[in-house]
Amino acid sequence: MPISKTAAALATALSLATIAPASAIDDFFPEFGNEGIDVLHYDLALDVKVSPHVLTGRATLDIVALQQLSSFTLDLAGFDVLRVRINGTPAAFSRVGDKLEITPASPIQPQRRFKVVIVYRGEPTPIQDPTAPGDPDYLLGWFKYQTGTYALSEPVGASTFYPANDEPDDKATFRIAVTAERPLIGVANGAPQSIRAVSNNRREFVWEMDEPMTTWLATVHVNRYAVRQDVSATGIPLRLYTTNATPRADIAGYEAVKGMLEWMTAYVGPYPFDSYGQIVVDDPALYYALETQAMSTFPVGAAYQSIVTHELAHQWFGNSVSVKEWRDLWLAEGFATYFEVLFPHRYNTRAFEAEMQGLYNFAVRTNLGSAVVERGDQIFSNRTYVRGALTLFALRQTVGESVFKRIVRAWASQNVNGSVTSADFIDTAEAISGNPDVRPLLDAWIFQQPVPPLPGASAIAAADTATTATVPDIVGLACGGNNKRAHVVKCDVAATE
Ligand SMILES: [Zn+2]
């Protein structure tokens, strides 16, 4: 959460002073998060032993109280908590389910900034993914496999490796220090800062994410990795981490991100972080890629142009400009899907329009509901991805390519490092376009269930009737209702790419 929001949140919090601090933030996953606090920075020192599998963590959280705190909670799943200190003074704590409740020696006053240090140890264990309740194939958070570990947390898995205020609106900067045994290396978000030996056979790898990041985008990887380095045309360091299991033929697919980054920068505006990385996890159980901030994570066999473009586009849309509430996830996935379709057709407008028409036909055929969804188990549905992308295309068809581009650029630059809602997007599109048709158009596409007419559809169909019946192969399409699974494997769509 940006600091500037603190005053407004404080005013709200004061008016609700009698309510317990550990109240829910996001309607979809109300058991996570705490609206009584604003975490500004996470400093995580994570000592990782792969076999036996043990994580010893020392988390230092820089927090602002948004209301008086006689006690407060953080999300932490599993682990033995060894000690807690607030501003250097020991604090009492207890565990209630996956919450760590901390009681300071005396209540913390509203708007006070304080430091909490939490030392914890145990075997990290992934938790059930609430977007697919009861399905044991859907787990979240920290995973161990063969010789390594990795962490993928969307939407609420952060607590499997660090104490977090795990709700999407509380963004913070991060420093992540990973200690592991030689020859393993530790990788996390952003750029590597230092490597040092902490004993004869253990090394510490320090990573920093200086731009705000939501909790679920934090990642840590430990394995035997080789790194390839490059620099983009605009000076952004690029890193690719692979293992021996990464097919050599895939390397070029990942390295193509350099050209994509250059094109995205020209279209959208500056890349929002100091560096970009891609890391390949060779756990055969991993079936999707994730846009972990400034260090996207890929399973083996995912070096497709569509997937590499999709995760890169998320760095602007979903990461830098992140959703305030999960119901609006189309603002991440719709944009990533739009650019995934546009990039290969960037020099062929007619082919791009025909592909979007194919997606539109799919939406009509399947009665695809509104881009904004009603429940947590719908956030990875085609509504978020496909109807989200079509919402942007309908806007482009209404205002024209050059005004659409201005809207996209304004959206990315005005909300850099921010948290947004669908209403914010409608306001921006209306303001930039000055077109009175934009608000009712976006309202219908974003909030109303029936699939609206596609502006300009007859012109597209007339231009190329042969291809309009084709549904393009996109990252998220039509795979068992949950597009996380559709990302790469176990899915007909990806198998044809
Ligand atoms: Zn995505």
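Helices (H or I, at least four residues) and strands (E, at least two) are DSSP runs, numbered from the N terminus. This is a predicted model, in which local features need pLDDT of at least 70, side-chain atom pairs count only at pLDDT 80 or more, and totals for chains, interfaces and linings use all residues. Residues are numbered from 1 along each chain as its sequence is written, and side-chain values use heavy atoms, leaving out hydrogens and water.

**View 1. The whole protein has 13 helices and 22 strands.** Of its 497 residues, 60% are buried. Buried means under 20% relative accessible area, exposed means over 50%, and partly exposed lies in between (1.4 Å probe, protein chains only). The accessible surface comes to about 18,000 Å². Carbon and sulfur atoms hold 52% of this surface. These areas come from the Shrake-Rupley method with a 1.4 Å probe, and for residues only the protein chains shown count as cover. Contacts (heavy atoms within 4.5 Å) often span long stretches of chain. Among those between residues at least 6 apart in sequence, 69% join residues at least 24 apart.

**View 2. Three protein residues supply donors to the zinc ion.** They are His310 (NE2), His314 (NE2) and Glu333 (OE). These donors lie 2.0 to 2.1 Å from the zinc ion. Donors are N, O and S atoms within 2.8 Å of the metal (3.2 Å for Na, K and Ca), and the site may look incomplete because water is not among the atoms. Along the sequence, the donor residues follow the spacing H-x3-H-x18-E. Both histidines sit in helix α4 (residues 305-316). Four residues, about one turn of the helix, separate His310 from His314. His310 is buried at a relative accessible area of 0%. His314 is buried too, with a relative accessibility of 0%.

**View 3. Phenylalanine 335 is buried in the model.** This residue belongs to helix α5 (residues 330-342). Its relative accessibility is 0%. Phe335 touches Phe317, Trp330, Leu392, Val408, Trp411 and Phe425, leaving aside residues up to four places away in sequence. Leu392 is 57 residues from Phe335 along the chain, yet their C-alpha atoms are 7.5 Å apart.

**View 4. The largest nonpolar core has 154 residues.** A nonpolar core is a set of buried Ala, Val, Leu, Ile, Met, Phe, Trp, Tyr and Cys residues joined through side-chain atoms within 4.5 Å. Phe72 and Phe339 have the most contacts inside this core. Domain 1 (3-214) and domain 2 (325-495) each give the core at least three residues. The domain bounds come from an automatic or database domain assignment. Not counting residues up to four places away in sequence, Phe339 touches Trp263, Met264, Tyr267, Val268, Thr309, Ala313, Phe317 and Val408.

**View 5. Serine 320 occupies a loop after helix α4.** The loop runs between α4 and β21 (322-323). Ser320 is buried, at 2% relative accessibility. With residues up to four places away in sequence left out, Ser320 touches eight residues named here: Lys171, Pro272, Phe273, Gln315, Asn415, Val416, Asn417 and Gly418.

**View 6. Five strands form an open sheet.** Their order is β9-β10-β11-β16-β13, with antiparallel pairing. Two strands pair if DSSP finds at least two bridges between them. β9 (127-128) and β13 (185-188) are the edge strands, each pairing on one side only. Two bridges join β9 to β10 (residues 139-145) in the antiparallel sense. Here Ile127 has Leu140 of β10 as its bridge partner.

**View 7. Strand β7 pairs with β3 and with β6.** β7 (residues 99-103) is antiparallel to β3 (residues 72-75), with four bridges. Asp75 bridges to Lys99 of β7. β6 (residues 92-96) also runs antiparallel to β7, over five bridges. In this pair, Ala92 faces Thr103. The hairpin of β6 and β7 has two residues between its strands. There Gly97 takes a positive phi near 60°.

**View 8. Strand β18 pairs with β17 and with β19.** Five of the six residues of β18 (residues 237-242) are buried, so this strand is largely enclosed by the rest of the structure. Six bridges link β18 to β17 (residues 226-231) in the antiparallel sense. One partnership joins Arg228 to Leu240 of β18. The hairpin of β17 and β18 has five residues between the strands, and Gly235 adopts a positive phi near 90°. β19 (residues 276-281) pairs with β18 in the parallel sense, over four bridges. Arg239 has Gly277 of β19 as its bridge partner.
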